[in-house]
Amino acid sequence: FRTMVASDKEQDPSCVLGNRFLCRGGSCLLVSQTGAGKSALVTHAALSLALAPGHDFFGIKSRKGPLTSVIIQSENDEMDVAEGIQGTLDGMGIARSSQVVNQLAERVFYYREAVRTGEAFGVLLRELVTRHKADLVWIDPILGFAGVDLSDQEAASHFLRHIIQPILNETGVIVVFMHHTGKPKSSKDKEGQTAADLAYQLFGSSEVTNW
């Protein structure tokens with residue numbers, strides 16, 4: 001108790017991004033409708049944070065210097081990923097022949113996995129995080145790997161709290177899940193909604209947000 005009273009959040013050794021925006025072992029959900037650009041956002045984030053402190057991610061700065069990212073996705077083939085990387089490099093003003101590309105190749109790792117889900121995915125996740133000593137792992141999308149109905153609270157809890165969370169606790173990696181919204185609501189249904197209400201617009205059980 002005394003330790004917590006005396007602690008200084010500005011000196012938190014577990015902080016990785018921003019002002020304790022994300023700390024070691026933390027988790028984040030990026031939620032949008034299909035086609036909004038989540039995969040492009042992930043590429044931009046991973047490349048930017050791999051070049052910290054010279055780059056940040058829309059103002060979110062790394063507190064640990066250059067960060068290593070593992071990106072596990074199930075929906076894009078190799079050329080889809082290549083287009084995203086090339087477009088991001090062009091947007092950042094980085095020549096494809098630049099030495100910076102070699103630096104990025106040592107810190108950003110892409111994997112496509114379209115088969116393993118649930119417990120089997122957990123084994124893969126632990127292996128890749130350990131192999132690359134990852135600071136961040138981006139999983140695109142969560143529905144591609146859970147292997148359960150995320151609208152079922154018990155099933156969602158098992159995947160998130162019993163399969164994913166132990167890996168975060170043991171390795172300190174930060175996980176960022178891409179996820180989709182449910183069926184869009186009408187303007188009338190959205191009247192009076194607050195920012196807090198938006199946290200529950202994702203598809204599935206509220207357990208996903210609560211976790």
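**Exercise 1. Aromatic pairs**

Task: In this predicted model, find how many aromatic pairs the structure holds and describe the one between F159 and F177.

Solution.
Step 1. The structure has 4 aromatic pairs.
Step 2. In the pair of F159 and F177, the ring centres are 6.3 Å apart and the planes make 45°. Planes under 30 degrees apart would count as stacked and over 60 as edge-to-face, so this pair is classed as tilted.
Step 3. F159 belongs to helix 7 (residues 153-171) and F177 to strand 7 (residues 174-180), so the pair ties together parts that lie 18 residues apart in sequence.
Step 4. F159 and F177 are both buried. Together with W211, F159 and F177 make up one aromatic cluster.

**Exercise 2. Cysteines**

Task: State how many disulfides the structure holds, and explain the result for C15 and C23.

Solution.
Step 1. The number of disulfides is 0.
Step 2. The cysteine sulfur closest to that of C15 is in C23, at 4.7 Å. A disulfide requires the two sulfur atoms to be within 2.5 Å, so the sulfurs of C15 and C23 are too far from each other for a bond.
Step 3. Looking from the other side, the closest cysteine sulfur to that of C23 is in C15, again at 4.7 Å.
Step 4. Buried means under 20% relative accessible area. C15 counts as buried because its relative accessibility is 1%, and C23, with 11%, is buried too.

**Exercise 3. The protein as a whole**

Task: Give the numbers of helices and strands, the share of buried residues and the exposed area.

Solution.
Step 1. The protein has 10 helices and 7 strands.
Step 2. Of its 211 residues, 40% are buried.
Step 3. About 11700 Å² of the protein is exposed, and carbon and sulfur atoms supply 52% of that area.
Step 4. Take the contacts between residues at least 6 apart in sequence: 73% of them join residues at least 24 apart.

**Exercise 4. The order of the sheet**

Task: Work out the order of the strands in the open sheet and name its edge strands.

Solution.
Step 1. The open sheet is formed by 5 strands in the order 3-7-6-4-5, with parallel pairing.
Step 2. Strand 3 (27-32) and strand 5 (108-112) are the edge strands, as each pairs on one side only.
Step 3. From one strand to the next, the twist averages 15°.
Step 4. Helix 2 (residues 38-50) packs on the sheet and touches strand 3, strand 4, strand 5, strand 6 (136-140) and strand 7. The direction of helix 2 makes about 170° with that of strand 6.
Step 5. Between strand 4 (residues 69-73) and strand 5 there are 5 bridges in the parallel sense. In this part of the sheet, I71 is opposite Y110 of strand 5.

**Exercise 5. Strand 7 and its neighbours**

Task: Which strands pair with strand 7, and is strand 7 buried or exposed?

Solution.
Step 1. Strand 3 runs parallel to strand 7 and is joined to it by 6 bridges. L30 is opposite M178 in strand 7.
Step 2. Strand 6 pairs with strand 7 over 4 bridges, also in the parallel sense. The bridge partner of L136 is I174 in strand 7.
Step 3. In strand 7, 7 of the 7 residues are buried, so the strand is largely enclosed by the rest of the structure.
Step 4. In a regular strand, side chains alternate between the two faces of the sheet. On one side of strand 7 are I174, V176, M178 and H180, and on the other V175, F177 and H179. All of these residues are buried, and both faces of strand 7 are covered.

Definitions and conventions
Residues numbered from 1 in each chain as written. Predicted model: local features only at pLDDT ≥ 70, side-chain atom pairs only at ≥ 80, totals over all residues. Heavy atoms only, no water. Phe/Tyr/Trp six-rings, centres within 6.5 Å; stacked < 30°, edge-to-face > 60°. Helix = DSSP H or I, 4+ residues; strand = E, 2+ residues; numbered from the N terminus. Buried < 20%, exposed > 50% of the residue type's maximum accessible area, 1.4 Å probe, protein only. Contact = heavy atoms within 4.5 Å. Areas by Shrake-Rupley, 256 points an atom, 1.4 Å probe, with all protein chains shown as cover. Pairing = 2+ DSSP bridges. Axes fitted to C-alpha atoms, helices over the stretch in contact; angles between N-to-C directions.
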